[in-house]
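Open the structure in your viewer, switch to a cartoon display, and keep the selection tool at hand. This tour goes through one sheet, strand by strand.

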Amino acid sequence: MDAIRVRGARELRGSIRVGGAKNAALPILCATLLSDGESRLRNVPGLRDIQTTSELLRTLGRGVTVDIPEVRVQAPRGQVVPEAPYELVRQMRASVLVLGPLLARYGRAKVSLPGGCQIGARPVDQHLLGLEVLGAKIVVEHGFIVAEAPRLRGGEVVFDIPTVTGTENLMLAAALSNGQTTLVNCAREPEIEELGRVLNKMGARVEGAGTSIIHIHGADELEPFDHAIIADRIEAGTFMAAVGAAGGDVLLEHAPLDDLEPVIVKLRRVGLEIEREGEHARVRRLGPLHSADVTTAPHPGFPTDMQAQFMAMMCVAEGRSVVTETVFENRFMHVPELGRMGARIQIHNNTAIIDGVGRLSGASVMATDLRASASLVVAGLVSEGETIVRRVYHLDRGYEAIEKKLAGAGADVTRIQLESEPA
Ligand code: EPZ
């Protein structure tokens, strides 16, 4: 069983390359289902979720060649059965993103209903309501979403809340629908803008991706594409938090600064210097680390996917900081583990109050979800002694070789083999 060992209390110095964005690559891989040609994705990160999505596309009749950082998706061979099995969907909730394209492309889709996960119930009601507006007949039975629509038609979908994959699923469906669709109260994340760029390359006409209102003129047929994925703002933000916690001076190659504004504002406030150097970013913390409050919110608010890493940094800041999580109802699973490392954190409903301590102490800790595991690695960098982060399969879902990247910047971080997992 893999684990990550961190021997802390060293400043970070050197350069780290930021890879392609997981949360852009997943919907774009699903977009390949909309065309019958060969599509090529470049700058794709080497992540477990990419493997899972590639496996899902293969079960849907696609030939997929994964040669990181490139993925090629070939045309379907033979009859396509538009069904996404429980075995794959349970590994990765984002598999629900095949629902829209399969329904639009084949008039039918059967997709295992994603269950809840560590960070919240995460229903998909908005996805289904939206597809029904476009004419789909949907039943949920035996743990599956079964959707039918001879041909989806354009319509106006008003989301109750801005949902990232909900917006993406409807964009994918509307791209091959008959007529124009307007999506209102959309999520505005940079990954949605990126999907809009790819759908436009395929021949759909998407306007307003990245804003709260998106117009999509559906096409009868869509072309394959060749596209290089944007850099991962959350991976870049995670490394910035690592520099914030440990101190030091790092060049973050390809850091997407424009997509990270809400995070950079807070990092500068707590004492980091973040400067653009061409298409890279110089990130330094040479002085004291101050405390600051954050409240997560949909983009352009402070991203919930940076909450845990920011909290880990605040554990060693001067003073008290308050972190409020408003997007997911159960995203403080990292708090008890940080507590095992000596952090002083009180939880009151969706608010965490952190009183900074000078230094944490290394311990064996358990990762519970992707970003929680990243926060434990960040905490390990500012701990006395050794930290062993277990269940790193969570980490591998969203970070490509994080231990090598941090070691490249002078950290003592290694992947080790553990005999077995404690019960
Ligand atoms: C996306 O998840 C990201 N995943 C998540 O990143 C990210 O945390 C989240 O957006 C918020 O930014 C991918 O892009 C693959 P939502 P998604 O639908 O789309 C509620 C990571 O660490 N909701 O925007 O599933 C939902 O429960 C992952 O990389 C409904 O109630 O998130 C949540 O409270 C974790 N009904 C809120 O909306 C719905 O139909 C926002 O969820 C859909 C969502």
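Two strands are said to pair if DSSP finds at least two bridges between them, and the strands themselves are DSSP runs, numbered from the N terminus. The model on your screen is a predicted one.

With that in mind, select strands E10, E11, E13 and E12, which in this order make up an open sheet of 4 strands with mixed pairing. Strand E10 (156–158) and strand E12 (205–207) are the edge strands, each of them pairing on one side only. If you look along the sheet, neighbouring strands are turned by 15° against each other on average, direction ignored.

Begin at the edge formed by E10, and add strand E11, residues 180–184, with which E10 pairs in the parallel sense over 3 bridges. Here you can pick out Val158, which stands opposite Val184 in E11. Next, show helix H6, residues 164–174, and follow the chain from E10 through H6 to E11, since together these elements make a right-handed β-α-β unit.

Which residue in E13 stands opposite Val184? Move on to E13 and select Ile213, the residue that stands opposite Val184; E11 and E13 run antiparallel and are joined by 5 bridges.

Finally, continue to the other edge strand, E12, which pairs with strand E13 (residues 213–217) in the antiparallel sense over 3 bridges. Select Glu207 together with His215, its bridge partner in E13. As you turn the view, keep in mind that in a regular strand the side chains alternate between the two faces of the sheet.

Terms used
Residues are numbered from 1 along each chain as its sequence is written. This is a predicted model: local features need pLDDT of at least 70, side-chain atom pairs count only at pLDDT 80 or more; totals for chains, interfaces and linings use all residues. Side-chain values use heavy atoms; hydrogens and water are left out. Helices (H or I, at least four residues) and strands (E, at least two) are DSSP runs, numbered from the N terminus. Axes are lines fitted to C-alpha atoms, for helices over the stretch in contact, and angles run from 0 to 180 degrees between N-to-C directions. A crossover is right-handed if, with the strands pointing away from the viewer, the path from the first strand over the helix to the second runs clockwise.
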